[in-house]
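Here are some exercises to work through with the model open beside you. Try each task before you read its solution.

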Amino acid sequence: MSILGGYKEFRERLKSVRLWSVMAITLGILVIVALWGVNQYKGKANYHNYLTNMWHRAFFDMVGYVQNIQALLSKAEVSGDDRQRAVLYTEVWRNAFAAQENLSQLPIENNVALEKTAKYLTQVGDLSFSLSKQLMSGKKETLPQKQQLKKLRAYADKLSNNLNELAIEISQGRLRWGEVRVVGTSRFRRIAQNVTSSRMLAVEAGFKDYPTLIYDGPFSDHISRQTPKGLPEKLVNKEQAKKIALDFLNLERADIVNYLGLSGDRIKIYTFEIIPDRKIRDRTITIAISKKGGKIIWMIDNRASSSPKIGVAKAKENAKKFLIEKGFANMIDTFYLKQDNTALINYIYQQNGVKIYPDMVKVRVALDTGQIVGFDATAYYMSHTSRKIPEPAISEKQARGLISKNFDVQSVSLAIIPLDSGKEVFTYEFLGKYDGKYFADYINAITGKEENILEIIKDPNGILSM
Amino acid sequence: MAKLLKRYSLIIVFLLISFILSIYSAKLIYDIKRASYENIEKKLEKALESTDKEVLNEFVETQGSTSYQNKDLYLLARVINGEARGEPYIGQVAIGAVIINRTKHPGFPKTISGVIYQPGAFTCVSDGQINAKLEPTALKAAREALNGWDPTNGCIYYYNPAKTTNKWIWSRKVMLVIGKHRFAK
């Protein structure tokens, strides 16, 4: 009896032990999960704070820079001293680019929607920089330039006021940055969290009737409005363009020709995708034909080249033959680059021994078969025209006197080069060495001003400029 | 109840062990990742220090030719890879060209890294696809775009109509369609 009783008791005890242990384990799991959760939450909060701090820094920095722009521009309006104004303009330029950089870091859903504000900041800086250069070369601002600046200053006032209001609300904690995530946020939360975004977009709306700015800088509005100088007047339609494309590629027919669309602002371009042989599906040629003039603007053949069988000299020979066949006369090769088993060679136009750098055509030659697999004549058609090249006003000797004494000149020629503003200048090109590195120094052949310096990089894979 | 617990006690213990193990392994992976990040910082420090020294030591011989590599090439290739893997080659070049077109446009940052890391500008940057395994065609496409080929002829926006939730982008005028992407001004 006692044994049986003992066994029963033992079983009872065992049961309770098991119960306790199970409870303990469950509790243990709960505690671990809770700890893990708290840890995760802390980590997330840390990251969130870190990001918010970065955004706040970017925002408050930006507000500061915009205020500086406004103050500097008003000072420039008042100042009568040329040198003082030149300094003020460079300061505007520095502040504007810093402001733009910070603006682009803000976590606004559709940051790209702030395009107009960003454009304003870029152009204020760019215009100021070109004015400061103008002042340094001894030319005062013209009346239209002054009016333009006044208008831009008015925008700076408005922008600075709006941003200040926002800054106050943010520092009082009334506005919060939304999270920059594309997936996972429900629509509702998105609206609630992006108060700041919508307020920033309201600031953007102030730029609705922003004027078109034309000045001497790379971001001036005239750059995107340039018209091609090298294209014939005659317009072609889509069907004609398709035929021109097939002729250019020397194809009788192609298995598949897809029309991709009409695009481009400076040159209107039809783009086609051509698969010459259905069996070799990987190989597609994409080709672009201008609506005006029906010229091939660019071409990409995606055929992968295998290991090189020909050298760069042979590639240049092929490319030159190709250019002559396609009607590009008087082209000379300049820089080249070997990559992906192809050679990319830049050709420029030469008129009476003068190098015309703006009229550039790029040709890519496959180094296995020597075939042309890439072609780009955008620059050529944008700028090519029959130019009247003047006689240089200063002699080569005078120009040589204007460059640094330490520069070891190896060759000199006349060249027309493009500037950032899209203008062209007539120069002496001095190629040479300084401290073991190669440079090209360009001296204006009329005024003697140094227009540009390029570093030429020569390595086993090519020659290119920087 | 007791019977049930008896039957599952082993499983519970296993669960517990595996849970703890998984937390540890997660932490381990995290630490490894952190370690590699620290590496970047250390390398940067070293690079800066050594330039400091070289600048201080005035008699350093400058090298005749330095092999030139575009710092933006891999970054651009990574974005192309993240955004347009599986797209036709020309579509990949087009993505690269859009990024380069933005750097030349007044309304965008002026550098390739500035454009790419603009918050919310590219999906693949926000969701980490930018770190996906780099395919060789993306690198080739990035080179093509850096060399100046622009299949979009000046577009600064693009979207995949099947994937985008962004209504604002639809208001942009579509210029051409390459693969799954629409390119817009």
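**Exercise 1. Find how many salt bridges cross the interface of chain B and chain A, then describe the side of chain B that touches chain A.**

Step 1. Keep in mind that this is a predicted model. Across the interface of chain B and chain A, the rule picks out 4 salt bridges.

Step 2. Zoom in on one of them: Arg172(B) pairs with Glu115(A), and their closest N and O atoms are 3.4 Å apart. That passes, because the cut-off for a salt bridge is 4 Å.

Step 3. Now widen the search to polar contacts. Between chain B and chain A there are 17 residue pairs of this kind, with both residues at pLDDT 80 or more.

Step 4. Ask which elements of chain B supply at least two residues each to the side touching chain A. These are helix H1 (2-56), helix H3 (89-103), helix H5 (123-126), helix H6 (136-146) and strand S2 (174-178). H1(B) gives the largest share, with 10 residues.

Step 5. Sort that side of chain B by class: you get 27 nonpolar, 18 polar and 10 charged residues.

Step 6. Finish with the overall contact. It takes 55 residues from chain B and 63 residues from chain A. Together the two chains bury about 4900 Å², and 63% of that is on carbon and sulfur atoms.

**Exercise 2. Work out which parts of chain A the salt bridge between Arg85(A) and Glu141(A) ties together.**

Step 1. Start with the distance: the closest N and O atoms of Arg85(A) and Glu141(A) are 2.8 Å apart.

Step 2. Place both residues. Arg85(A) sits in helix H2 (residues 82-103), while Glu141(A) is in the loop between helix H3 (115-136) and helix H4 (143-171), so the bridge joins parts of chain A that are 56 residues apart in sequence.

Step 3. Buried or exposed? Arg85(A) has a relative accessible area of 5%, so it is buried. Glu141(A) is buried as well, at 8%. The cut-off for buried is under 20%.

Step 4. Look for partners. Arg85(A) and Glu141(A) belong to a network of salt bridges that also links Asp82(A) and Lys140(A).

Step 5. For scale, a search of the whole structure turns up 28 salt bridges over all chains.

**Exercise 3. Look at two salt bridges that each lie within one helix of chain A, and say how far apart in sequence the partners are.**

Step 1. In helix H2 of chain A, Glu91(A) and Arg94(A) are 3 residues apart, about one turn of the helix. Their side chains meet at 3.3 Å, N to O.

Step 2. Check their accessibility: Glu91(A) is partly exposed at 30%, and Arg94(A) is partly exposed at 47%.

Step 3. Move on to helix H4 of chain A, where Arg153(A) and Asp157(A) are 4 residues apart, again about one turn of the helix. Their N to O distance is 3.1 Å. Asp157(A) counts as partly exposed, with a relative accessible area of 21%.

**Exercise 4. Describe the surroundings of Ser290(A).**

Step 1. Find Ser290(A) in strand S3 (residues 285-290) of chain A. At 0% relative accessibility, it counts as buried.

Step 2. Follow its side chain: a polar atom there lies 2.7 Å from the backbone oxygen of Lys292(A).

Step 3. List its contacts, leaving aside neighbours within four places in sequence. Ser290(A) touches Leu231(A), Val236(A), Ile267(A), Lys268(A), Ile269(A), Lys295(A) and Ile297(A).

**Exercise 5. Explain why a positive phi deserves a second look, then place Asp340(A) and Asn153(B).**

Step 1. Recall the background: most residues other than glycine have a negative phi, so a positive value is worth checking.

Step 2. Asp340(A) has a positive phi of about 50°. You'll find it in the loop between strand S5 (331-339) and strand S6 (342-351) of chain A, and it counts as partly exposed at 29% relative accessibility.

Step 3. Asn153(B) also has a positive phi, near 50°. This residue is in the loop between H6 and strand S1 (157-159) of chain B. At 10% relative accessibility, Asn153(B) counts as buried.

Methods: Residues are numbered from 1 along each chain as its sequence is written. Chains are lettered from A and ligands numbered from 1 in the order in which they are written. This is a predicted model: local features need pLDDT of at least 70, side-chain atom pairs count only at pLDDT 80 or more; totals for chains, interfaces and linings use all residues. Side-chain values use heavy atoms; hydrogens and water are left out. Contact means heavy atoms within 4.5 Å. Buried area is the accessible area (1.4 Å probe) that two parts lose on being put together, summed over both. A polar contact is a pair of N or O atoms within 3.5 Å; within protein, one must be able to donate a hydrogen and the other to accept it, and residues adjacent in sequence count only if both atoms are side-chain atoms. Ala, Val, Leu, Ile, Met, Phe, Trp, Tyr, Cys and Pro count as nonpolar, Asp, Glu, Lys and Arg as charged, and the others, Gly among them, as polar. Buried means under 20% relative accessible area, exposed over 50%, partly exposed in between (1.4 Å probe, protein chains only).
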